[in-house]
Structures are given as C-alpha cells and as structure tokens.
Amino acid sequence: MLPLSILLSASILRQPSLFPSPSAGTASSNPHPQDQAARPPSSTRTMTASTQKHVVFDVVGTCVGYQVWFDAIASQLGERFAAEGIKPQLFAFAWMEAAEREYTYLSLSGRYTVFSKVQAALFYRMLYQSGIAEPRKFASDADLAVVMEAYNNLQMREGVPEMFAKLRAAGFTCWCLTAGDKKRVGGYFDKAGVPMPAENFMSCDTSGVGKPDPRAYEPALKALGDGEKWFAAAHMWDVSAARTVG
C-alpha cells in the first residue's frame, strides 16, 4: 500500500471533488471524461506560482487514527467484555458514532456542546445498549477516565507529517477545522512534531456550530481569502458539506 503522504497528497492535488457544487450541471461537454477526472479544473491549471494555495484538513479520523483509543479500551475493559461476548473495537466504534450523532443533533437544535462532554456522557448508555444490564457495576468512572485520557493522546497516522511537509514545500498553506477542542487536537500535532500555527487552527467550539452544518465551514472559507482552496477529510459527509459553501 502506498504511504498516506502519497495517497492524500495525490488526492488533494490532482482529484476533483466527488461532489459537484450545487450550481454545477451533471452533464459534461468533454468527450473524454476520464481525462477530465485526472486533471484539476482549467482555472486551477492556469494559476501562477504566486497564487495563494490553501488546504483545510479535518483532523480526528483523517490525520489522526483511533488505534491508541481502541487499545486502551481493550486493555481496560477487554477481559470484562470477553465474558459478555463484546468486541472492544466494535464497542469503541459504536460509542464514537453515537457521540458524533448526538453532538451533531445538539448543534443543529441550537444546543451546541463540546464533543468530549458528549462522548463521556454516553459511556454508560453505550454499555447498556451493548447488552450490559448494570453498566455502573460493570465499569466505573475510573475506567472512563482511562479511556478518555487515551482519546486525548491519539497519534498521527503514518505518513501524515511527511504529507504536511510536502504540501508546504509545494506552496500550500495548511489549516485545520476540527470538531474537537483546540487543546486536545493541537496536542496531537505537538506530539507528532508537526507545526500547526494557532492562527491556522480552527475549532467548531469557537463558532458553536458543529460540522456538517454548512455554517461551520464559513469561518474557514472567510479566513482563506482569495486563491486556490481545498478541503481534505476521510469522511464523505465532511467533504460534501465543505463543498456546499465553496
């Protein structure tokens, strides 16, 4: 498998979005659509070297993986889960997905709550939904503290530091737009030795609007100003929502 730095850089620099803009038609006048898909739009190809170029990255799940968190859950609760026939990684994934849904719905209803608070609040509910009849006898707040601390110490995926270096060497300014809090997510960059200037680091906590609400992307779009703009994420919904605002 190619290193992540090559895969993501190629995706950012060469591939058009999977989702056309709302104003774009579905038909193409190009008789060779496969050639069109392999090249950026003509407006991008004709830009001079002095044109500003920007890439805004999602962080958690894109630049940062979950393995540290999965391992911590397996270490802390694995034997207890095994007795109940529950796979630790499946529990972790279900917990994360439920937390993202609750976080999003709270934001859409005008009751924005920081993600980490939502995530922690769902721990015992997820144990119950996994088949644990008495979650607070099965696990404790101390268990929760251990696995939440692991989430605070997620690690960059292999190849990500090199990817940022290559993009910057190619003249791109790199930004981040995250649903996480700046201290936690900024720590992921610090521990990996990847520079991310504070002024280029944006959190939904600041605006009080969570992704994928289109309003969550507007501060980033405004900050970029003129020039070439890209949004990079591992989630289709994230890229699609960013596309709707430009």
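Helix α5 supplies seven residues to the lining of the second largest pocket, the largest share that any part of the chain gives, in what should be read throughout as a predicted model. The space in this second largest pocket comes to about 470 Å³. Its lining is made up of 22 residues, and those closest to the centre of the pocket are Val60, Tyr66, Glu100, His235 and Trp237. Two elements, α5 and α14 (236–244), each give two or more residues to this lining.

Since α5 will return several times, its own form is a useful place to continue. The helix has 21 residues, and from its first C-alpha to its last it reaches 30 Å, close to the 30 Å that would be expected at 1.5 Å a residue. Its buried residues are Phe91, Ala92, Trp95, Met96, Ala98, Ala99, Tyr103, Thr104 and Ser107, and these pack against the helices α4, α6, α7, α9 and α12. After the helix comes Gly110, whose phi is positive, near 85°. As a background to that value, most residues other than glycine have a negative phi.

One residue of α5 shows how the helix meets another. Ala92, which lies in α5, counts as buried because its relative accessibility is 0%, under the cut-off of 20%. When residues up to four places away in sequence are left aside, Ala92 touches Trp69, Phe70 and Ile73, each of which is among the buried residues of α4. For the pair Ala92 and Trp69, the separation is 23 residues in sequence and 8.0 Å in space, taken from C-alpha to C-alpha.

This leads to α4 itself, where a question of length arises. What is the distance between the end C-alpha atoms of α4, set against the span of a straight helix? Helix α4, which covers residues 67–84 and so has 18 residues, has its end C-alpha atoms only 22 Å apart, short of the 26 Å that a straight helix would reach at 1.5 Å a residue. The helix bends by about 70° at Leu77, and Leu77 is also one of the buried residues of α4, together with Trp69, Phe70, Ala72, Ile73, Gly78 and Phe81. The cover over these buried residues includes α5 (88–108), α6 (115–121), α7 (123–129), α8 (135–138) and α9 (141–151). Following α4 is Gly85, with a positive phi near 75°.

Among the helices that cover α4 is α9, and within α9 lies Leu144. This leucine is buried because its relative accessible area of 12% is under 20%. The C-alpha atoms of Leu144 and Leu77 are separated by 9.9 Å, although the two residues are 67 residues apart along the chain. With residues up to four places away in sequence not counted, Leu144 touches Trp95, Ala120 and Phe123, and of these Trp95 is one of the buried residues of α5.

Further along the chain, attention turns to loops. The loop between α12 (204–207) and α13 (218–224) holds Pro212, and the peptide bond from Lys211 to Pro212 is cis, with omega near 10°. In general, most peptide bonds are trans. Ala216 lies in the loop between α12 and α13 as well. Is Ala216 buried or exposed? Ala216 counts as buried, because its relative accessibility is 3%, which is under 20%. Not counting residues up to four places away in sequence, Ala216 touches Leu177, Cys204, Val209, Gly210 and Lys211. Its C-alpha atom is separated by 9.7 Å from that of Asp205, which is eleven residues away along the chain.

Another loop, between α11 (182–192) and β3 (201–203), contains Ala198. Ala198 is exposed because its relative accessible area of 62% is over 50%. The C-alpha atoms of Ala198 and Trp175, which are 23 residues apart along the chain, are separated by 9.5 Å.

These parts can finally be set within the whole. The secondary structure of the protein chain comes to 14 helices and four strands, and of its 246 residues 41% are buried. Among the contacts in the chain with a separation of 6 or more, 74% are between residues 24 or more positions apart. The area that the protein chain exposes is about 13300 Å², and carbon and sulfur atoms supply 56% of that area.

Technical notes: Residues are numbered from 1 along each chain as its sequence is written. This is a predicted model: local features need pLDDT of at least 70, side-chain atom pairs count only at pLDDT 80 or more; totals for chains, interfaces and linings use all residues. Side-chain values use heavy atoms; hydrogens and water are left out. The bend at a residue is the angle between axes fitted to the seven residues ending there and the seven starting there. Buried means under 20% relative accessible area, exposed over 50%, partly exposed in between (1.4 Å probe, protein chains only). Contact means heavy atoms within 4.5 Å. Accessible areas come from the Shrake-Rupley method with a 1.4 Å probe; for residues, only the protein chains shown count as cover. On a 1 Å grid over the protein atoms alone, a cavity is a set of points where a 1.4 Å probe fits but cannot get out, and a pocket is an open set with protein on both sides within 12 Å along at least five of seven lines; lining residues have an atom within 4 Å of a point. Grid points are joined across faces, edges and corners, and a volume is the space filled by probe spheres set on the points.
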